[in-house]
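Colleague: Hi, I'm new to this one. Could you put it up on screen and walk me through a few spots?
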Amino acid sequence: MRIAIISDIHGNYPALVAVVEDALMNNVDKFIFTGDYIFDLPFSNDVVHFLMELKNAYIIKGNKEAYLTKLANGNQDSFYNQMGNKQQVIKNLSLNAYNFLNAINEEIFLEINHDIIIYATHIPKFPKPLYKTEFGSLNFYNKMITESFSHEQYLTEFNKFINNDENKSLFNQINANIIIFGHNHLQSYAHCGNKLIINPGSCGLPFDFNPAAAYTILEITTNEINVYEKRFFYDINKMIDEAKKSISYESAKTWNDILFLSLKTGRDYLGVFLEIVEQISLSNNEKVSLSNNLIWEEASKILTNKIKPIIR
């Protein structure tokens, strides 16, 4: 049996289609999707309807889907730069897509046979939030900027992280041989005792300095279990050109321009930008969660100056 594991699409329909087609070319039997299908790029409705029609697919909820209802019912008009993109995505979602996302579960247990059980969730209940650990995408970005390291080196460090006492205790409590999660957009896998831990990375918005769409194939045979990390290069520039034609782009240009830069480079410039927004907001004694448009414009200028030497 071969299972394609896909996560963090973020409205990137062209990347999703490319990855699914590649997975089928690699003779996968099933799909496991671990959340965050919507927002950011303006093709969320296409993504959800594609998933609804896909056969042999197990689909769980990510944090984006979890707060869909809250955002849909909120007043977002006064927060143009922050919420404009999300507002347009919600407006464009069909009722069927909306109901589908609200109905899916946050985790699954999948029994392959009497010996192998797969558990999938979007974010395991780590002792502290994943983004605050060394394996948050922003921490990964800062480390790569100062001391670039290979994917193999990252996997070695990920193995140490998975096997620290706190995380080992967490995984030991899960009644499964194979544990799958997403969320941090960093492709990885490791063994924790006799358990296999897999993060397929991000299909739609990778943050590991490789812009190619990421997914992982899990192969289960009678005698062994194999993991194949896959990357697929699709036409990112063409996708961005299409995205720029949308109302979503005009409604949140600041956010989208940084998003496009992240897509082209595979770097978490969105995280860097939000960190700058937070610093400015705190210095102005303003709420961090919903800063005004002037702060976003100031943060955008600071980010541009900060990364010019890096992307030159």
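Colleague: Which residues of helix α7 are buried?

Modeller: In α7, which spans residues 137-146, the buried ones are S137, L138, F140, Y141 and M144. Buried means under 20% relative accessible area, exposed is over 50%, and partly exposed is in between, with a 1.4 Å probe and protein chains only. Helices are DSSP runs of H or I with at least four residues, strands are runs of E with at least two, and both are numbered from the N terminus.

Modeller: Before we go on, this is a predicted model: local features need pLDDT of at least 70 and side-chain atom pairs count only at pLDDT 80 or more, while totals for chains, interfaces and linings use all residues. Residues are numbered from 1 along each chain as its sequence is written, and side-chain values use heavy atoms, leaving out hydrogens and water.

Colleague: OK. And where do the buried residues of α7 sit, seen down the axis?

Modeller: They fall within an arc of 155°, so they line one face of the helix. The arc is taken from the directions from the helix axis to the C-beta atoms.

Colleague: What about α9, which residues are buried there?

Modeller: N167, L170 and F171 are the buried residues of α9 (residues 165-172). Their arc around the axis is only 90°, which puts them on the same side of α9. They pack against α8 (151-162) and the strands β6 (178-180), β7 (188-192) and β8 (195-199), where contact means heavy atoms within 4.5 Å.

Colleague: Switching topic, how do α1 and α2 cross?

Modeller: The axes of α1 (residues 13-25) and α2 come within 9 Å and cross at roughly 25°. Axes are lines fitted to C-alpha atoms, for helices over the stretch in contact, and angles run from 0 to 180 degrees between N-to-C directions. α1 and α2 are therefore roughly parallel to each other. The cut-offs are under 35 degrees for roughly parallel, over 145 for roughly antiparallel, 65 to 115 for roughly perpendicular, and oblique for the rest.

Colleague: Which residues make that contact?

Modeller: Y13, L16, V17 and V20 come from α1, and D46, V47, F50 and L51 from α2. By class, the contact of α1 with α2 has seven nonpolar, no polar and one charged residues. Ala, Val, Leu, Ile, Met, Phe, Trp, Tyr, Cys and Pro count as nonpolar, Asp, Glu, Lys and Arg as charged, and the others, Gly among them, as polar.

Colleague: And α12 with α13, at what angle do they cross?

Modeller: Helix α12 (residues 253-265) and helix α13 (residues 269-283) cross at roughly 140°, with axes that come within 8 Å. That makes α12 and α13 oblique to each other. Among the residues in the contact are W255 and L261 of α12 and F273 of α13.

Colleague: Is L261 buried or partly exposed?

Modeller: L261 counts as partly exposed, at 22% relative accessibility.

Colleague: Back to α2: what does S44 touch?

Modeller: S44 lies in α2 (residues 44-53) and is buried at 2% relative accessible area. Leaving aside neighbours within four places in sequence, S44 contacts G11, Y37, I38, F39, V89 and L93.

Colleague: And K64, which helix is that in?

Modeller: K64 is in α3 (residues 63-66), buried with a relative accessible area of 12%. Outside its neighbours within four places in sequence, K64 is in contact with H10, D36, I38, F39 and D40.

Colleague: Last one: how many disulfides?

Modeller: Zero, taking a disulfide as a pair of cysteine sulfur atoms within 2.5 Å. C192 is buried at 1% relative accessible area, and C203 is buried at 0%.
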